[in-house]
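Here is a short walk through one protein structure. Keep the sequence and the 3D view open while reading.

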Amino acid sequence: MDLLDWHRGSLSTRRLSVLVKHMPRDSAVNRELHGEAVEWDAATHLLAVAVDHLAVANWMTGTLNSDDEADPLDYPEPVPRPVLASFESDGDESAEAQPEEPTHNPSSTDLALFFA
């Protein structure tokens with residue numbers, strides 16, 4: 001399809017609008033507008049969340065089963081996710097889009113009490 005047909009009058013504005021609105025997820029226009037976020041579909045986001053939860057569960061298990069004298073384990077880093085271009089422009093909203101890290105790591109005693 002030649003987009004110059006719109007200037008020539010053989011492509012209607014409505015048809016051009018429909019073509020642009022229904023472009024494939026991985027089109028060059030979507031990639032330019034949204035960056036690498038277009039590569040992340042719902043299944044990829046759910047997989048990243050599952051990996052994050054599994055890492056936290058492993059961290060909790062390791063912390064709970066470690067000795068009280070042992071050095072505390074580092075809290076796992078979440079899987080990096082793409083940020084939408086609209087959030088990159090606003091400083092306030094990009095801070096809200098990032099997951100919050102805990103202010104302190106619970107001790108093995110705190111975890112044992114939680115799961116008791």
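In this predicted model, a polar atom in the side chain of Asn30 lies 3.0 Å from the backbone oxygen of Pro24. Asn30 itself belongs to helix α3, which covers residues 28-34. Pro24 is also one of the residues that Asn30 contacts once neighbours within four places in sequence are set aside. The others on that list are Met23, Arg25, Gly35 and Val38. The relative accessible area of Asn30 is 18%. Buried means under 20%, so Asn30 counts as buried.

The next stop is helix α4, made of residues 42-64, where Met60 is found. Met60 has a relative accessible area of 26%. This value falls between the limits of 20% for buried and 50% for exposed, and therefore Met60 is classed as partly exposed.

Which residues does Met60 touch, if those up to four places away in sequence are not counted? They are Leu111 and Phe115. Phe115 is part of helix α7, which runs over residues 108-115. A C-alpha to C-alpha distance links Met60 with another residue, Ser108: the two are 8.3 Å apart in space, while 48 residues separate them in sequence.

Phe115 also leads to the surface. Together with Leu64 and Phe114, Phe115 makes a nonpolar surface patch of about 330 Å². Phe115 thus appears twice in this account: as a contact of Met60, and as a member of the nonpolar patch.

How values were computed. Residues are numbered from 1 along each chain as its sequence is written. This is a predicted model: local features need pLDDT of at least 70, side-chain atom pairs count only at pLDDT 80 or more; totals for chains, interfaces and linings use all residues. Side-chain values use heavy atoms; hydrogens and water are left out. Patches are made of residues with over 30% relative accessible area and no salt bridge: like charges are joined within 9 Å, nonpolar side chains (Val, Leu, Ile, Met, Phe, Trp, Tyr) within 5 Å. Accessible areas come from the Shrake-Rupley method with a 1.4 Å probe; for residues, only the protein chains shown count as cover. A salt bridge is a side-chain nitrogen of Lys or Arg within 4 Å of a carboxyl oxygen of Asp or Glu. Helices (H or I, at least four residues) and strands (E, at least two) are DSSP runs, numbered from the N terminus. Buried means under 20% relative accessible area, exposed over 50%, partly exposed in between (1.4 Å probe, protein chains only). Contact means heavy atoms within 4.5 Å. A polar contact is a pair of N or O atoms within 3.5 Å; within protein, one must be able to donate a hydrogen and the other to accept it, and residues adjacent in sequence count only if both atoms are side-chain atoms.
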